[in-house]
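Biologist: Could you take me through two of the strands in this model?

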Amino acid sequence: MSEPVTFTTHGDIAVVTIDYPPVNALSLTVRQGIDDAVGRLNQDVALKAAVLICAGRTFIAGADITEFGKPPVDPITPDLMLTIARSQKPIIAALHGTVLGGGFETALACHYRIAHPGTRVGFPEVTLGLLPGAGGTQLLPRLAGIPVALDLITSGRQVKVRSELGRQLVDEVVDTESHDALLDAALNAGRRLIDSGAAIRRLADVVLEQDTQYASLFAQWRDRMAKKKRGQLAVQYGIDSIENAVQLPFDQAIIEERRLFQACRESSQSRAMRHAFFAERRCAKIEDVNESAQPRSVEQVAVIGAGLMGVGIAICFANAGIPVVLLELDQTKVDAGLDKIRSNYERQVSRGRMEEAELARRCDLVAGTTEYSALADVDLVVEAAFESLDVKTIIFTELDAVCKPDAILASNTSYLDIDQIAQVTRRPEQVVGMHFFSPAHIMKLLEVVRAADTSDEVLLTIVALGKRLQKIPVTVRVCYGFAGNRIYARYGAEAQNLLLEGATPDQVDSAFRDWGMAMGPLQVVDLTGLEIGYKARKHQPNLPDDPTYFALSTVFVEEGRIGQKSGAGFYRYEDGQRLVDDGAITLIRETAARLGIEQRKFSADEICRRLVSAIVDEGRAVLAEGIVQRASDIDVIWLNGYGFPRYRGGPMWYAEEEGL
């Protein structure tokens with residue numbers, strides 16, 4: 001196996017090349033190679049400068065994830081960054097691909113940065129419950145200013161170097177994506193630095209002047225992040241470390257940065273978020289498929305239904321560059337659906353997130369039709385019609401008749417039996433579930449429902465397509481509600497049980513929001529509408545023989561209280577405000593009395609424990625029945641589909657950590 005770091009010379013300029021597939025991560029061998037190269041550069045009197053460049057598809061994309069959780073081995077990354085920064089001869093970083101985390105810190109430690117136009121840089125550490133721990137919180141504010149550092153380090157977002165902000169982060173952007181051109185430009189930059197005779201420009205030497213506005217700026221960011229990223233330790237520590245860049249000398253601030261990094265790394269939050277990171281990469285692996293099976297190409301799709309979900313799904317395909325036909329039986333509905341798609345893109349243009357040319361390109365990918373015959377040549381159809389088994393079987397019978405023999409037929413059903421739907425076709429092996437979560441073009445989760453007869457080839461095709469759509473695909477088996485909504489139903493039932501036993505809607509929602517959930521369970525059901533679950537339960541084949549099971553939803557719907565859309569549900573809604581409603585509490589108490597349930601007071605801790613336990617108990621059942629492949633798949637579903645706090649790792653991880 002070749003060395004991951006090689007050292008060559010172009011006259012008096014050294015070229016240090018990292019070639020450590022797939023993403024040139026900062027593994028121990030790479031760190032050792034760079035450390036040796038910098039030493040060699042400074043010891044060789046014939047050499048005047050060096051270029052640090054990477055082979056393959058990207059510059060250093062970050063730390064080596066296989067080393068997470070292992071004891072550090074010298075040279076550790078922070079020490080390596082100081083070695084680069086303190087080089088007596090200039091080092092030019094030649095950037096391409098995704099320059100993230102430790103890779104971006106490496107670029108900042110270098111003395112000049114040159115990049116391909118498609119390069120993206122950023123600090124994603126916050127998504128792992130960490131902060132940049134190798135100088136990032138000190139070098140970035142010295143390069144681009146305090147506000148930019150606060151933005152990038154607390155958000156974890158990536159920035160394109162060709163953007164207005166990105167050009168502040170590099171010294172030069174080359175004209176083409178050619179690797180040879182990048183190297184030539186870096187060598188030319190090195191030659192200019194040598195010929196100029198100027199002193200080496202080290203970011204570590206920049207002194208940030210005290211500014212009276214900084215105190216209020218940091219306070220504002222702490223307040224903002226406390227609301228936007230509630231409970232996340234790493235975000236607040238990141239702000240602390242950036243503030244140290246102003247208040248402390250560089251060497252002392254670096255020591256503090258490392259201390260804060262280690263505190264984050266050892267925290268339960270970072271363990272949970274690292275678990276989530278690996279779980280999301282593991283979930284796409286299907287354990288029991290034939291090794292010879294390969295995914296098919298999907299180049300033309302159709303979506304049945306131009307409602308909210310159908311439009312969102314069509315946008316997903318257009319965003320991925322896949323032509324899509326939107327079908328409704330009424331031309332007015334087709335036109336309305338196409339208008340909604342265009343309006344979505346127009347909003348992105350107005351917010352500066354998309355160019356007019358891109359809007360036109362994506363809209364051109366979407367066509368509308370009222371005729372099933374227009375779907376004769378598509379590779380995939382996604383049905384997103386009304387949630388009725390009768391309606392869906394009629395649609396699939398029609399699709400089976402008009403679509404080409406190898407077309408895949410998928411249903412977006414949230415609850416219904418894919419096996420029953422498949423049996424009305426002559427191709428059950430090509431029927432699968434694609435359960436998008438609303439809004440479909442925003443939510444990352446995609447439940448891929450593997451029916452009894454779904455072929456391995458079809459399953460792999462949909463999982464690969466999910467990735468192409470930039471979704472997180474989780475494979476599940478058939479049961480009522482699949483994995484996500486089946487567990488969610490148990491969670492919703494437990495929330496209503498708490499009400500019957502004496503808690504109020506606001507107590508339940510506030511407790512679980514404070515615990516970290518994006519929204520409380522009763523707030524959610526009011527937003528989506530109580531009648532949806534009410535109607536779904538009418539068709540559920542195996543409801544529990546329990547008079548308390550969603551008893552409150554039944555009472556509320558039959559009283560006309562279906563949530564926000566009717567002005568009243570578990571809360572009252574006036575002028576866009578959600579208000580505590582005495583009428584709802586009266587109905588709850590009356591229902592509890594009729595069912596013979598004695599009411600009592602609850603602490604926030606007990607409310608949260610009851611709700612989490614309900615999720616976990618049903619998750620265990622789903623796992624035991626083989627509906628999901630692994631417990632971490634449930635975590636992925638709840639993190640990406642139901643607003644479970646990422647810093648708690650997902651319900652199954654949290655239960656394991658807490659001994660539940």
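Modeller: What follows covers strands S15 and S4 and their partners. This is a predicted model, in which local features need pLDDT of at least 70, side-chain atom pairs count only at pLDDT 80 or more, and totals for chains, interfaces and linings use all residues. Residues are numbered from 1 along each chain as its sequence is written, and side-chain values use heavy atoms, with hydrogens and water left out.

Biologist: How many residues of S15 are buried?

Modeller: In S15 (residues 431–436), 6 of the 6 residues are buried, so the strand is largely enclosed by the rest of the structure. Buried means under 20% relative accessible area with a 1.4 Å probe, protein chains only; strands are DSSP runs of E with at least two residues, and helices are runs of H or I with at least four, numbered from the N terminus.

Biologist: Which residues lie on each side?

Modeller: Val431, Gly433 and His435 are on one side, and Val432, Met434 and Phe436 on the other. In a regular strand, side chains alternate between the two faces of the sheet.

Biologist: Which strands pair with S15?

Modeller: S14 (residues 408–411) runs parallel to S15, joined by 3 bridges, with Ser411 opposite Gly433. S16 (residues 445–450) is antiparallel to S15 over 4 bridges, and Phe436 faces Leu446 there. Pairing requires at least two DSSP bridges between two strands.

Biologist: Turning to S4, what are the bridge partners of Ala93?

Modeller: Ala93 is the partner of Leu52, and in S6 Ala93 is matched by Arg113. S4 (residues 91–95) has 5 of its 5 residues buried.

Definitions and conventions. Buried < 20%, exposed > 50% of the residue type's maximum accessible area, 1.4 Å probe, protein only.
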